[in-house]
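Let's take a walk through this one together, from the overall fold down to single residues. Have the viewer open as you read.

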Amino acid sequence: MNFGNTSDQELMLQSVRSLLDDVCSMNYATKCDNDRTPPREAFNAMAQNGWLGLIAPESFGGSGGSPTDLALVLEETGHHFEELGLWLFRSFTYGCYAILQHGTEEQKQRIVPGAANGKLSFAFALSEPDSGSDAASLRTRAVIDGDYFIVNGRKQWTSGMDIADYVLVALRTNDLGKKQLGISTLMIDTKLPGIEVRKIATLGQHAIGTTEVTFTDVRVPRTALLGQLDHGWAVCEDTLRYERLCLSAVRIGAARQAFEYALDYAKTRQQFGKPIGSFQVTQHKFADMKVMLDTSFTMVRRYAWLMENGKAERADTAVIKYYIAESYKTISDMCLQILGGYGYSMEYPMQRFFRDSRLATIGGGTSEIQKNIIASTLGL
Ligand SMILES: Cc1cc2nc3c(=O)[nH]c(=O)nc-3n(C[C@H](O)[C@H](O)[C@H](O)COP(=O)(O)OP(=O)(O)OC[C@H]3O[C@@H](n4cnc5c(N)ncnc54)[C@H](O)[C@@H]3O)c2cc1C
């Protein structure tokens, strides 16, 4: 395992960093958050420069990048704006990875090129009002009617649905005793009649955020089925594994940006005649954060390597998801404290990291659930 970047990866990083410096400044991210508008200009610029095709094979218009390449690009994107990174990750995970792993040839041809050139956007609807951590107890249902599924039910927290072209929906197609059986996954066109989307007001993630989605007698063509009928839970689990690598990479980047902002501040803000960074208590906060950032970075690199070598286990995913989410939450809290009143002010950017990071330990599986997964492998 190699912790250094190859020369190609260095070039890739320089290129994506320089593009993001141009199209996604901190002021731009602040404006998107304040105005509650998606970072569309930055997303389009990433697409035009080929970054949405990072993991798609060349035959689908992509560049066939590895999980390590993916982690590097998402970390750099998260370092500029977490919500831009999250938008990208949905394209990589649902529009490319899920289809490439579980889709038919027709689905690959129809969807992957659009994901890879950024013309299509994606969302994932697993959670429901009454099933969050216990996701397999979902109740949204699809009934087969000739060449169609008729879908009825309600999904909660479907992030990015209002800007998505396709949504990967986990729903019940059969009752087979065990709750994980009888679930199927459909890649549904979001414009179909009978789909209603309502934005949910949340503490953070104001630029794109999340929604509630209601399906009322939605006629979905059978060609939307991803994976095997009644065996969609395997698709969900596999997709969540990939999702957790992406989320972790984006959030290391965001944590690093909060850290760097607070570091600059601590070097210049004077109290009692000296920079606040000269107080040992402040220095120790930075030392603790540096350890968390370095550990997070190393963990993601190792996990990407495990993925590349087909060795990643469910518990490995839970370890990085848990540690990096908790570190990001702690780092953004410490950075806010270092900025004092300016950290708390809505007129300065640090509060955005504090608000956005609060989701990290909840979305994509809570920290408690990750600990359950880790502990379940220890033979206790
Ligand atoms: C802003 C936002 C965006 C989201 N985006 C998406 C999305 O795009 N797609 C999607 O499908 N979902 C999404 N989610 C849903 C997210 O994955 C769930 O919120 C999460 O899985 C927790 O489910 P819940 O909120 O229903 O909490 P619950 O499952 O009700 O849990 C409540 C509390 O109980 C704890 N708990 C529950 N069960 C156990 C247990 N067995 N052991 C220990 N503790 C337990 C939890 O850890 C938590 O602290 C999003 C959520 C938010 C808030």
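Which residues have the most contacts inside the largest nonpolar core? They are Leu168, Leu186, Cys246 and Cys335, in a core of 110 residues. Helix H7, spanning residues 232-268, supplies the largest share of this core, with 17 residues. That fits a general habit: in soluble globular proteins, nonpolar side chains tend to be buried together. Keep in mind throughout that this is a predicted model.

Pick out Cys335 and look at what sits around it. Leaving out neighbours within four places in sequence, Cys335 is in contact with Ala258, Phe259, Tyr261, Ala262, Gly343, Met350 and Phe353.

Now stay with H7 and find Val250, which lies in this helix. Is Val250 buried or exposed? It has 30 C-beta neighbours inside 10 Å, so it counts as buried. Once residues up to four places away in sequence are set aside, Val250 touches Leu74, Thr77, Gly78, Glu82, Gly85, Leu86 and Phe89. For a sense of distance, try Val250 against Ser18: they are 232 residues apart in sequence, and their C-alpha atoms are 17 Å apart in space.

Time to zoom out. The protein chain has 12 helices and 10 strands. Its radius of gyration is 21 Å, close to the 21 Å that the globule rule gives for 380 residues, so the chain is as compact as a globular protein of that length. Measure along the principal axes and the C-alpha trace spans about 75 × 45 × 40 Å. Buried residues make up 48% of the 380 residues. As for contacts with a separation of 6 or more, 71% of them link residues 24 or more positions apart.

The chain is divided into three pieces: domain 1 (7-121), domain 2 (124-232) and domain 3 (234-376). How do domain 1 and domain 3 meet, and how many residues of each are in contact? There are 25 residues of domain 1 in contact with 25 residues of domain 3. On the domain 1 side, the elements that give two or more residues are helix H2 (26-35), helix H4 (67-80) and helix H5 (82-102). H5 gives the largest share of that side, 11 residues. By class, the domain 1 side has 11 nonpolar, 10 polar and four charged residues. The centres of the two domains, taken over C-alpha atoms, are separated by 21 Å.

While you're in domain 1, have a look at two of its residues. Lys31 is in helix H2, and Lys31 is partly exposed, with 13 other C-beta atoms within 10 Å. From Lys31 to Ser367 is 336 residues along the chain, and their C-alpha atoms are separated by 30 Å. Ser7 lies in helix H1, which covers residues 7-23. With 8 other C-beta atoms within 10 Å, Ser7 is exposed. Ser7 and Glu58 are 51 residues apart in sequence and 20 Å apart in space, C-alpha to C-alpha.

Next, the ligand. Where does it lie relative to the domains? Domain 2 and domain 3 both give residues to the shell around the ligand, so it lies between them. The ligand is surrounded by 21 residues, and the closest are Gly132, Ser133, Trp157, Thr366 and Glu368. Strand S1 (122-125) and helix H12 (367-376) are the elements that give two or more residues to this shell. H12 gives the most, with three residues. Sorted by class, the shell has seven nonpolar, 13 polar and one charged residues.

One of those closest residues, Trp157, deserves a second look for its backbone. Most residues other than glycine have a negative phi, and most peptide bonds are trans. Trp157 has a positive phi of about 65° although it is not a glycine. You'll find Trp157 in the loop between strand S3 (148-156) and strand S4 (166-172). With 22 C-beta neighbours inside 10 Å, Trp157 counts as buried.

Asp217 also has a positive phi, of about 50°, although it is not a glycine. Its place is in strand S7, residues 210-221. Is Asp217 buried or exposed? With 10 C-beta neighbours inside 10 Å, Asp217 counts as exposed, whereas Trp157 counts as buried.

Definitions and conventions
Residues are numbered from 1 along each chain as its sequence is written. This is a predicted model: local features need pLDDT of at least 70, side-chain atom pairs count only at pLDDT 80 or more; totals for chains, interfaces and linings use all residues. A residue is near a molecule or strand if its C-beta atom, placed from the backbone, lies within 6 Å of it. Helices (H or I, at least four residues) and strands (E, at least two) are DSSP runs, numbered from the N terminus. Ala, Val, Leu, Ile, Met, Phe, Trp, Tyr, Cys and Pro count as nonpolar, Asp, Glu, Lys and Arg as charged, and the others, Gly among them, as polar. Domain bounds come from an automatic or database domain assignment. A nonpolar core is a set of buried Ala, Val, Leu, Ile, Met, Phe, Trp, Tyr and Cys residues joined through C-beta atoms within 7 Å. A residue is buried if 20 or more other C-beta atoms lie within 10 Å of its own, exposed if 12 or fewer, and partly exposed in between; C-beta atoms are placed from the backbone. Two residues are in contact if their C-beta atoms, placed from the backbone, lie within 7 Å. The radius of gyration is taken over C-alpha atoms; the globule rule is 2.2 Å times the number of residues to the power 0.38.
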